[in-house]
Amino acid sequence: VTAQIYDTGPIINAMLNSPSSYGLQDATSYGTGSQYAWCNDYHISPTVHQKVAQGVAAMIAGTYI
């Protein structure tokens with residue numbers, strides 16, 4: 001069994017520090033649209049999840065898929 005750890009901190013921090021670079025309205029608003037970083041006052045949005053997923057996919061490319 002091989003396990004890998006993906007640190008979500010760098011990409012999430014980059015998105016929150018420069019939201020417009022990622023197509024986000026700002027770092028604090030929340031809602032259901034793709035321009036928001038947050039779904040509510042705690043959970044990251046699907047847009048942020050997509051960027052995290054792309055990072056995970058890049059990390060495991062060639063190893064598992």
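Trainee: Against which element do the buried residues of helix 1 pack?

Mentor: In this predicted model, the buried residues of helix 1 pack against helix 2. The protein chain holds two helices and zero strands.

Trainee: Which residues of helix 1 are buried?

Mentor: Helix 1 covers residues 9-17, and its buried residues are Ile11, Ile12 and Met15. Viewed down the helix axis, these buried residues fall within an arc of 95°, so they line one face of helix 1.

Trainee: And which residues are exposed on the other side of helix 1?

Mentor: Pro10 and Asn17 are the exposed residues there.

Trainee: Let us turn to helix 2. Why does Val52 count as buried?

Mentor: A residue is called buried when its relative accessible area is under 20%. Val52 has a relative accessibility of 13%, and therefore counts as buried. Val52 belongs to helix 2, which runs over residues 46-60.

Trainee: What is Val52 in contact with, leaving aside its neighbours within four places in sequence?

Mentor: With those neighbours set aside, Val52 is in contact with Tyr6, Thr8, Ile11 and Ile12. Two of these partners, Ile11 and Ile12, are among the buried residues of helix 1.

Trainee: How is the separation between Val52 and Tyr42 to be read, along the chain and in space?

Mentor: Sequence separation counts residues, whereas spatial separation is taken here between C-alpha atoms. Val52 and Tyr42 are 10 residues apart along the chain, and their C-alpha atoms are separated by 16 Å.

Trainee: Which residues make up the largest nonpolar core?

Mentor: That core has nine residues: Ile11, Ile12, Met15, Leu24, Ala37, Trp38, Ile44, Val48 and Val52. Helix 1 and helix 2 are the elements that give two or more residues to the core. The largest share, three residues, comes from helix 1.

Trainee: Leu24 is also listed in this core. Which residues does Leu24 touch, not counting those up to four places away in sequence?

Mentor: On that basis, Leu24 touches Met15, Pro19, Ser34, Gln35, Tyr36, Ala37 and Thr47. Of these, Met15 and Ala37 are also members of the largest nonpolar core.

Trainee: Finally, how should the chain be described as a whole?

Mentor: One may begin with burial: buried residues make up 25% of the 65 residues in the protein chain. The chain exposes about 4,500 Å², of which carbon and sulfur atoms supply 55%. Its C-alpha trace spans about 40 × 20 × 15 Å along the principal axes. As for contacts between residues at least 6 apart in sequence, 33% join residues at least 24 apart.

How values were computed. Residues are numbered from 1 along each chain as its sequence is written. This is a predicted model: local features need pLDDT of at least 70, side-chain atom pairs count only at pLDDT 80 or more; totals for chains, interfaces and linings use all residues. Side-chain values use heavy atoms; hydrogens and water are left out. Helices (H or I, at least four residues) and strands (E, at least two) are DSSP runs, numbered from the N terminus. Buried means under 20% relative accessible area, exposed over 50%, partly exposed in between (1.4 Å probe, protein chains only). Contact means heavy atoms within 4.5 Å. Accessible areas come from the Shrake-Rupley method with a 1.4 Å probe; for residues, only the protein chains shown count as cover. The arc is that of the directions from the helix axis to the C-beta atoms. A nonpolar core is a set of buried Ala, Val, Leu, Ile, Met, Phe, Trp, Tyr and Cys residues joined through side-chain atoms within 4.5 Å.
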